[in-house]
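Biologist: I should be grateful for a close look at a single part of this predicted model, followed by an account of its surroundings. Which strands does it pair with, and which residues mark the pairings?

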Amino acid sequence: MKEVLQFLSENPTFYLATVEGTIPKVRPFGFAMDYQGKLYFCTSNKKKVYQQLTQNPYFEISTTSKEHEWLRLKGKAVFHSTKETKQAALAAAPFLSNLYSVDDPSFELFYIEEAEAVFYNRQGVAKTIRF
């Protein structure tokens with residue numbers, strides 16, 4: 001998981017895909033953190049991505065580096081929004097405090113379960129990690 005987090009941190013705009021009915025939906029994300037050995041992301045429960053993930057928790061993330069390597073990460077969203085996870089997120093990414101607070105009921109955190117990360121380079125698949 002640490003290699004995945006490092007790649008996401010080095011390439012901080014990544015794209016998260018969900019499904020709404022049968023239609024794929026993709027949007028940019030920019031926050032990921034390791035909390036108690038799990039890879040966490042955040043959103044607002046006022047956004048469609050939250051509704052989509054509660055209807056179908058499976059999602060995929062993709063991003064690329066300046067060196068033309070890229071990552072595809074897929075798994076299942078497990079929402080875990082506690083005061084502790086919110087505090088950890090705000091400490092890990094102070095810019096989030098412009099959007100959320102620990103007491104904000106719309107601030108949602110989720111971690112990835114059943115994760116499979118595939119790293120690619122110009123030659124094809126370089127490595128697969130499951131966590």
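**Strand β5 and its surroundings**

Modeller: Strand β1, residues 14–20, pairs with β5 in the antiparallel sense, and three bridges join the two. One position in this pairing can be named: A17 has E60 of β5 as its bridge partner. As the model is a predicted one, what follows describes computed geometry.

Strand β5 itself spans residues 58–64 and has two distinct faces. F59, I61 and T63 lie on the covered face, while Y58, E60, S62 and T64 make up the uncovered one. E60, the bridge partner of A17, thus belongs to the uncovered face.

Strand β5 also pairs with strand β6, residues 70–79, again in the antiparallel sense, over seven bridges. Here the position to note is F59, whose bridge partner in β6 is G75. F59 is a member of the covered face of β5.

Strands β5 and β6 form a hairpin with five residues between them. Within this hairpin, H68 adopts a positive phi near 65°. The loop between the two strands also holds S65. Is S65 buried or exposed? S65 has a relative accessible area of 8%, and it therefore counts as buried, the limit for that class being under 20%. Beyond its neighbours within four places in sequence, S65 is in contact with F7 and N11.

From β6 the pairing continues to β7. Nine bridges join β6 to β7, and the two strands run antiparallel. In this pairing V78 has Y111 of β7 as its bridge partner. Strand β7 spans residues 107–121 and is mostly covered, with 12 of its 15 residues buried.

V118 offers a closer view of β7, the strand in which it is found. Its relative accessible area is 11%, so V118 is buried. Apart from neighbours within four places in sequence, V118 is in contact with W70, L71, R72, V125, K127 and T128. W70, L71 and R72 fall within the range of β6, residues 70–79, and V125, K127 and T128 fall within that of β8, residues 124–130. V118 and I129 are 11 residues apart in sequence, and their C-alpha atoms lie 6.4 Å apart in space.

Strands β7 and β8 pair in the antiparallel sense over six bridges. They form a hairpin with two residues between the strands. One pair of bridge partners in this hairpin is N121 and G124, the latter in β8.

Strand β7 also has β4 as a partner, and these two run antiparallel with five bridges between them. T43 stands opposite E108 of β7. Y40 is found in β4, which comprises residues 38–44. With a relative accessible area of 2%, Y40 is buried. Leaving out residues up to four places away in sequence, Y40 touches F31, A32, M33, Y35, H80, T85, L109, F110 and Y111. Among these, Y111 is also the bridge partner of V78. Y40 and A89 are 49 residues apart in sequence, yet their C-alpha atoms are 8.6 Å apart in space.

Helix α3, residues 83–92, contains Q87. At 41% relative accessibility, Q87 counts as partly exposed. Q87 and I112 are 25 residues apart in sequence, and 19 Å separate their C-alpha atoms.

The strand under discussion may finally be placed in the whole chain. The chain has three helices and eight strands, and from the N terminus its elements follow the order α-β-β-β-β-α-β-β-α-β-β. Of the contacts with a separation of 6 or more, 62% join residues 24 or more positions apart. Buried residues account for 44% of the 131 residues.

The radius of gyration is 14 Å, which agrees with the value near 14 Å for a compact globule, because the chain has 131 residues. Along the principal axes, the C-alpha atoms fill a box of roughly 45 × 35 × 25 Å. The accessible surface is about 7,400 Å², and carbon and sulfur atoms contribute 51% of it. The chain carries 16 positive and 14 negative side chains, and the centres of these two sets are 4 Å apart.

Technical notes: Residues are numbered from 1 along each chain as its sequence is written. This is a predicted model: local features need pLDDT of at least 70, side-chain atom pairs count only at pLDDT 80 or more; totals for chains, interfaces and linings use all residues. Side-chain values use heavy atoms; hydrogens and water are left out. Helices (H or I, at least four residues) and strands (E, at least two) are DSSP runs, numbered from the N terminus. Buried means under 20% relative accessible area, exposed over 50%, partly exposed in between (1.4 Å probe, protein chains only). Contact means heavy atoms within 4.5 Å. The radius of gyration is taken over C-alpha atoms; the globule rule is 2.2 Å times the number of residues to the power 0.38. Accessible areas come from the Shrake-Rupley method with a 1.4 Å probe; for residues, only the protein chains shown count as cover. Lys and Arg count as positive and Asp and Glu as negative; His and the chain ends are not counted. The place of a charge is taken as NZ of Lys, CZ of Arg, CG of Asp or CD of Glu. Two strands pair if DSSP finds at least two bridges between them.
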